[in-house]
Amino acid sequence: MMMYFIRSTGAPARTVGWRDPGFIHTSFLKDLWPNRLYTYRAGHLLFNGSYVWSKKYSFEAPPYPGQDSLQRVIVFGDMGKAERDGSNEYSDYQPGSLNTTDQLIKDIENIDIVFHVGDITYANGYISQWDQFTSQVEPIASVVPYMIGSGNHERDWPNTGSFYNTTDSGGECGILAQNMFYVPTENRANFWYSVDYGMFRFCIADSEHDWREGTEQYKFIEHCLASVDRQKQPWLIFAAHRVLGYSSDFYYGLEGSFEEPMGRESLQKLWQRYKVDIAFYGHVHNYERSCPIYQSQCVSSEMSHYSGTFNATIHVVAGGGGSHLSNFSQVNTKWSLYKDYDFGFVKLTAFNHSSLLFEYKKSRDGNVYDSFSISRDYRDILACVHDSCEASTLAS
Ligand SMILES: [Fe+2]
């Protein structure tokens, strides 16, 4: 057990938004057997020598890297929280949040791991809202891994090392995020990390810290993408909070960039060289899916079933977790295949080493509104594409 004391860096997190966080306990469960069911409860030793205990929870330990079994993954961003009694309806800042949460709880038996890629609570320096959020997601986070990415609302604050000098974190500067949730990094202030989950490798980037060529983070991303053995873990997923790839968001449209300024240049060659299947983003509060893109061009007109040689990365905005929706640009591009101005999330289902299903579900009803599948063998990942025959993996 470890306890953390939380000190943020700006207002309101240091002033009117601050409250004593009490105790935060972190337990490390080591040497778990893959796939085995574990039951646990959390306890706290009181001064009088007695314990208070939580109720009991169960979870199944993750599959081992490379394991061939059914594996189901949820990805979304920007969910936030809301009051079930409507007491804060006037603000209504994350109107889709409870619907998304409830759909995940309803389907929890069919979910193995969750990625919430940034803009977690929108507490923005009002620290008690982290308790409200963690209470809301407890039925999910207590039974499956709830992995988070860092967003502007967790990290950004002027002159504190965030890449963007906005005040969006309300002075939290990432301190709350890194103490309330555990991510497997050497330095938990940096939210870049990798996750091996069965046939998947996830490379999670931190768009609130510099990711460009020459940075520590860029080296990490390249190593994460390069070091996976695709024969064992064929499904390679990249995710970051801000759109470092492709989005028809209204504001990106005004800039004519369809990405975060300076987002794509450094990373595109890595996605291509290491043959990333899907890149996910949040920050923009809607849903959008691109064609497979290589050098900023569509390489396939197929919409629903991709098979054979890997040739490009599909980019997905899944930022409709709950926060107020973002408008699309009026400009229609060739690379945008599906847009939805609504709340929703993505579910990936890996059936085996050569078959993956992608589904976009709306939070209002849990039904599938967009989907595609990928059928691909190891030789298709290794095959030469375009004008290059570079190795897709450093693993031997
Ligand atoms: Fe954001």
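This passage describes the fold, three helices, two single residues and one annotated domain of a predicted model.

The protein chain contains 8 helices and 21 strands. Its radius of gyration is 21 Å, close to the 21 Å that the globule rule gives for 396 residues, so the chain is as compact as a globular protein of that length. Along the principal axes, the C-alpha atoms occupy a box of roughly 70 × 50 × 45 Å. Of the 396 residues, 43% are buried. Contacts with a separation of 6 or more were also examined. Residues 24 or more positions apart account for 69% of these contacts in the protein chain.

Helix 1 spans residues 97-106. Its buried residues are Ser97, Asn99, Thr100, Thr101, Gln103 and Leu104. These residues pack against strand 7 (71-76) and strand 8 (113-117). They also pack against helix 2, strand 19 (344-352) and strand 20 (355-362).

Valine 73 lies in strand 7, one of the strands against which the buried residues of helix 1 pack. Valine 73 has 24 other C-beta atoms within 10 Å and is therefore buried, as the cut-off is 20 or more. Residues up to four places away in sequence aside, valine 73 touches Asp112, Ile113, Phe115, Phe200 and Leu348. Among these, Ile113 and Phe115 fall within the range of strand 8 (113-117), and Leu348 within that of strand 19 (344-352). The C-alpha atom of valine 73 is separated by 6.2 Å from that of isoleucine 111, which is 38 residues apart from it along the chain.

Helix 2 comprises 14 residues, 128-141. From first C-alpha to last, helix 2 reaches 18 Å, close to the 20 Å expected at 1.5 Å a residue. The helix carries a kink of about 35 degrees at serine 135. Proline 139 follows shortly after this kink. Trp130, Phe133, Gln136 and Val137 are buried in helix 2. Their cover includes helix 1, strand 9 (146-149) and helix 4 (175-180).

Helix 7 runs over residues 264-273. Arg264, Leu267, Leu270 and Trp271 are its buried residues. Viewed down the helix axis, these residues fall within an arc of 135 degrees, so they line one face of helix 7. They pack against helix 5 (216-226) and strand 12 (235-240). Strand 13 (278-281) and strand 17 (313-318) are further packing partners of the buried residues. Just after helix 7, lysine 275 adopts a positive phi of about 60 degrees.

Serine 54 provides an exposed site. It is placed in the loop between strand 5 (51-53) and strand 6 (57-60). Serine 54 has 12 C-beta neighbours inside 10 Å and so counts as exposed. Leaving aside neighbours within four places in sequence, serine 54 is in contact with Arg41 and Ala42. Histidine 44 lies 10 residues apart from serine 54 along the chain, and their C-alpha atoms are separated by 8.9 Å.

For residues 312-371, an unreviewed UniProt entry lists "domain: Purple acid phosphatase C-terminal". In the model, this span is 0% helix and 53% strand. The C-alpha atoms at its two ends lie 18 Å apart. Strand 17 (313-318), which packs with the buried residues of helix 7, falls within the listed range. Strands 19 (344-352) and 20 (355-362), which pack with the buried residues of helix 1, also fall within it.

Note on methods. Residues are numbered from 1 along each chain as its sequence is written. This is a predicted model: local features need pLDDT of at least 70, side-chain atom pairs count only at pLDDT 80 or more; totals for chains, interfaces and linings use all residues. UniProt positions are given in the numbering used here, feature names are shortened, and annotations may be inferred rather than shown by experiment. Helices (H or I, at least four residues) and strands (E, at least two) are DSSP runs, numbered from the N terminus. The expected span of a helix is 1.5 Å times one less than its number of residues. The bend at a residue is the angle between axes fitted to the seven residues ending there and the seven starting there. Two residues are in contact if their C-beta atoms, placed from the backbone, lie within 7 Å. The radius of gyration is taken over C-alpha atoms; the globule rule is 2.2 Å times the number of residues to the power 0.38. The arc is that of the directions from the helix axis to the C-beta atoms.
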